[in-house]
Amino acid sequence: MNWWQTGIIYQIYPRSFQDSDADGVGDLNGVIGRLDYLKALHIDAIWISPIYPSPMHDFGYDVADYCDIHPLFGTLADFDRLLAEAHSRGLKVILDLVPNHTSEEHSWFTESRSSRDNPKRDYYLWRDPAPGDGPPETRLPNNWQTHFGGDAWTYDAATGQFYMHQFHRSQPELNYRHPEVLPAMLDNMRFWLDRGVDGFRVDVIWLMLKDEQFRDEPANPHAAADARPFDRIQHIYTAGVEGIHDLIRQMRAVLDEYDERMMVGEIYLPVEQLVTYYGDGDECHMPFNFQLINLPWNARVIGDYIRQYEGALPTGGWPNWVLGNHDQHRIATRVRKETEFPGRNSVSGDPARLAQMLLLTLRGTPTCYYGDEIGMEDVPIPLEQCMDPAALQQPELFEVWGRDPERTPMQWDASPNAGFTAPEATPWLPLAADYRARNVAAQADDPASMLNFFRALTELRRAEPALNRGDYHDVDFGIDDVLAYWRTTPGSDWYLVVLNLGGASHLIDLARLGIAEAQMMLSTDPARVTPGIATAFSLAANEGVILRLPGSSDTDTQDGYP
Ligand code: NOJ
Ligand code: MG
């Protein structure tokens, strides 16, 4: 097994993790100062969102130079130090690779846009205005739309053509049908792999190729009447376009030139299509599995999805799970809202703990989002303070689309600015109003805290082969709100995970599984006395427990065992 299979990935949004120079924006030296904290979380790898030079129109996902560090974050020397310090603690470092588009400030684009006959012109997707009478800037080449709202084409008056972008207009998309573009991007990957980077999270990897004929996308018959233009068309010519798998295989081949490096692809697709991005073990090591983010917080629905996903994985395809990232509302906010959890600072019955127990006990690599370990919530940001280009472009969808709320500064302590930046500095996004109560320092001292619960979970996961590499078997207690499963591996203790996603307590009787007793290892509720021997017990609303069944190797034929 590889580190990226048995390990836990932790995503750092670098602007918001730790500032070291009082400019209100997090940086690499800040991360270095927190490596011991990360180590103590029992995580195995950090994925850092983009740290490259960038005009920051999309906060770094608009890259102006793939082979350098933005001065806001530090220098290449700082990066090398971060890598060495992380590696000396046994932590891997995954960078964010953004190959689909560059910033308009990347030298490839400034050359490309300089004239129609510049040698780099066709590094990007340039099209003439459609035939017609109106002014050229109104004659769009086709009906493609951006994810951020608006047409996917921006007119460049100097050369009289449009360039294509599926995100912000400052993020022109590269043309991977040009023979020089992929080799150039592969060299950018080698630049970091040679420095010792352990892998890449690849931004929108399934969007990298576009229809060669630039055809209009067909109407989406399932779109709601008030759907935004992007959702009214089916993205068959801008996503998952034929040839994409071949392109990904070539990226993978570069990783395979090195030892133990990995690539996890950002892909939002239904499960049957998602799993094709494993290829024959020659594409993504893992395509991110985001479905838990979209599914309702419902035990039956989630249980069905786990089965569906497990069933769809190709031979050798290693699963993975995600509950949040810098593009999605915080999981704690979502589940506390969905379960109408009243006491935001009460620990008993907090569904945010249950969500972490789910993430950290499923089969496959978990990716945790910074701050979720202390139960950070979305921070309401008024429209006047909004930074996110996706929300600014669609103010009518601001509530749904705004991504600032999940990107706010990490809450380290109760001091002014929460220890994120100097007390006199202004953090780039406001801090949560409750940071004085919810922060790392306060929780570190409290045995019942979410942080200590998270550490107990990650410690158990790391210690137990059944949890970090074992098989998954579902268990049906016949209770709608209860999601339960075995994690087993021959020759090691087996684990039973029982999660109550509902608002009422339920009696869990292990006799139903043909088991006399098991050892209670961990509960989401610190009030439950653990460890102890369990036979039948009451599982409270929003409570989850992990039980151990010792000595599995000689009992694997016993009734009730998977
Ligand atoms: C996905 C990234 O996660 C998101 O933050 C970004 O805006 C788009 N890709 C464009 O790079
Ligand atoms: Mg800084």
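**Exercise 1. Find how many salt bridges cross the interface of domain 1 and domain 3 in this predicted model, and examine one that involves Arg300.**

Solution. Across the interface of domain 1 and domain 3, the rule finds three salt bridges. To examine a pair, the criterion is needed: a side-chain nitrogen of Lys or Arg has to lie within 4 Å of a carboxyl oxygen of Asp or Glu. Arg300 and Asp480 form a salt bridge, their closest N and O atoms being 2.8 Å apart. A further search, for polar contacts across the interface of domain 1 and domain 3, finds eight residue pairs, both residues being at pLDDT 80 or more.

**Exercise 2. Describe the side of domain 1 that touches domain 3 by its helices and by its residue classes.**

Solution. Begin with the helices: α1 (3–6), α10 (299–312), α12 (351–361) and α16 (450–463) each supply at least two residues of this side. Among the contributors, α10 gives the most, with seven residues. Then sort the residues of that side by class, which yields 15 nonpolar, eight polar and six charged.

**Exercise 3. Place the domains, and determine how much area domain 1 and domain 3 bury between them.**

Solution. The protein is divided into domain 1 (3–100 + 179–214 + 242–456), domain 2 (107–164) and domain 3 (468–549). The centres of domain 1 and domain 3, taken over C-alpha atoms, are separated by 29 Å, and the contact takes 29 residues from domain 1 and 30 residues from domain 3. The size of an interface is often given as the accessible area lost when the parts come together. Here domain 1 and domain 3 bury about 2,300 Å² between them, with 65% of it on carbon and sulfur atoms. In domain 1, the residues that lose the most area to domain 3 are Arg300, Leu354 and Met357, which together account for 26% of what that side buries. Arg300 is also the residue that forms a salt bridge with Asp480.

**Exercise 4. Work out the strand order of the open sheet of eight strands, and follow the pairing of β1 with β2.**

Solution. The order is β9-β8-β7-β3-β2-β1-β11-β10, with parallel pairing. The edge strands, each pairing on one side only, are β9 (286–287) and β10 (320–322). Strand β1 (residues 9–12) pairs with strand β2 (residues 45–48) in the parallel sense over four bridges, and Tyr10 stands opposite Ile46 in β2.

**Exercise 5. Explain why the salt bridge of Asp80 and Arg195 ties together parts that are apart in sequence.**

Solution. The structure holds 36 salt bridges, one of which joins Asp80 to Arg195, with the closest N and O atoms 2.8 Å apart. Asp80 lies in helix α4 (residues 76–88) and Arg195 in helix α6 (residues 181–195), so the pair ties together parts that are 115 residues apart in sequence.

Key:
Residues are numbered from 1 along each chain as its sequence is written. Chains are lettered from A and ligands numbered from 1 in the order in which they are written. This is a predicted model: local features need pLDDT of at least 70, side-chain atom pairs count only at pLDDT 80 or more; totals for chains, interfaces and linings use all residues. Side-chain values use heavy atoms; hydrogens and water are left out. Domain bounds come from an automatic or database domain assignment. Contact means heavy atoms within 4.5 Å. Buried area is the accessible area (1.4 Å probe) that two parts lose on being put together, summed over both. A polar contact is a pair of N or O atoms within 3.5 Å; within protein, one must be able to donate a hydrogen and the other to accept it, and residues adjacent in sequence count only if both atoms are side-chain atoms. Ala, Val, Leu, Ile, Met, Phe, Trp, Tyr, Cys and Pro count as nonpolar, Asp, Glu, Lys and Arg as charged, and the others, Gly among them, as polar. Two strands pair if DSSP finds at least two bridges between them.
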